[in-house]
Amino acid sequence: KEPNPVAPSVPGAISFDSVDTRADAGLADIQANGFGVWAFMTNTAQTNYPLMSNRHVTYAGGVWSYEPLEYWVDNTVYSFVAVYPYAENPTNIAVENGVVKLSVAETPSDTDWLVAKNGADTSVEGFNTTVPVSLQFQHVLTSVGLKIWRDGGKHQNDQMRITKVTLSGMHKAGSLSCNSDTWTYTTDKLT
C-alpha cells in the first residue's frame, strides 16, 4: 500500500518539507531510506501527549509522506524530533516524558546518526496549517580520520616515524536527549 502524500494542499495535515543536512551525501541517503519522527502535543488538556512515535517518513516524487496522517489542533504546542537512519523497532531509542533519547554504545559502529528537531505553536496568531515542518538534520557523532603526507621536499623518500597522536576530550558512549541536544555520558573522557 502506497503512503498518502502529505502535501501543503491537504488542509490541516501535518507535513514535512525542507529536510536538509550539511553532509554531501546525507540528503540522498535520507531521501532513499526515510527517517523516524516522534511528535508531542501540549495544550490545556494534555502535556507531552505522544502524537507520533517513530512514524516512518518516506520520500517519493518530491514529497515527504507518512501514514496515517495527523492533523494540527488549535491552541496546541508541538515538538518534533526526527532520527535517521530509520529502524522499525530501534533498540537504542527510548522516550521518557516527551524526551527522545538516543543511546550510543561504546562498541564502534558505522552508523552516522542524524537528528533534527523543530516545534510549532498553533496558538500563534496567523499560524498557517498548510506550512510544512522544516527539519535540519545534524550529525550527533564525531568520526576522526588521520591522513599524513609529505609535501614533496628534498627528503620525500625518507621514512617518516610518527611517535604519538593524541585525541582527548571525547567520550566513547552516552545518551543524547534529542529534544535539547544534551548528552549524558556513560564513559569517562578519553585522555
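Here is a short chat about the strands and one surface patch of this predicted model.

Trainee: What should I know before poking around?
Mentor: It's a predicted model, where local features need pLDDT of at least 70, side-chain atom pairs count only at pLDDT 80 or more, and totals for chains, interfaces and linings use all residues. Residues are numbered from 1 along each chain as its sequence is written, and side-chain values use heavy atoms, with hydrogens and water left out.

Trainee: OK, in what order do the strands of the open sheet run?
Mentor: The order is 1-9-8-5-2-3-4, seven strands with mixed pairing. Strands are DSSP runs of E, at least two residues, numbered from the N terminus, and two of them pair if DSSP finds at least two bridges between them.

Trainee: And which are the edge strands?
Mentor: Strand 1 (16–21) and strand 4 (63–65), each pairing on one side only.

Trainee: How many bridges join strand 5 to strand 8?
Mentor: Eight, and the two strands run antiparallel. Val-77 has Asp-121 as its bridge partner in strand 8.

Trainee: What about strand 2 and strand 3, how many residues sit between them in the hairpin?
Mentor: Six, and Asn-48 in that turn has a positive phi of about 50°. Six bridges join this antiparallel pair, with Gly-36 opposite His-56 in strand 3.

Trainee: Which residue takes a positive phi in the hairpin of strand 3 and strand 4?
Mentor: Gly-61, near 60°, with two residues between the strands. Ala-60 stands opposite Val-63 in strand 4.

Trainee: Switching topic: is Leu-146 buried or exposed?
Mentor: Exposed, because its relative accessibility is 58%, and the labels are buried under 20%, exposed over 50%, partly exposed in between (1.4 Å probe, protein chains only). Leu-146 lies in the loop between strand 9 and strand 10 (174–177).

How values were computed: Helix = DSSP H or I, 4+ residues; strand = E, 2+ residues; numbered from the N terminus.
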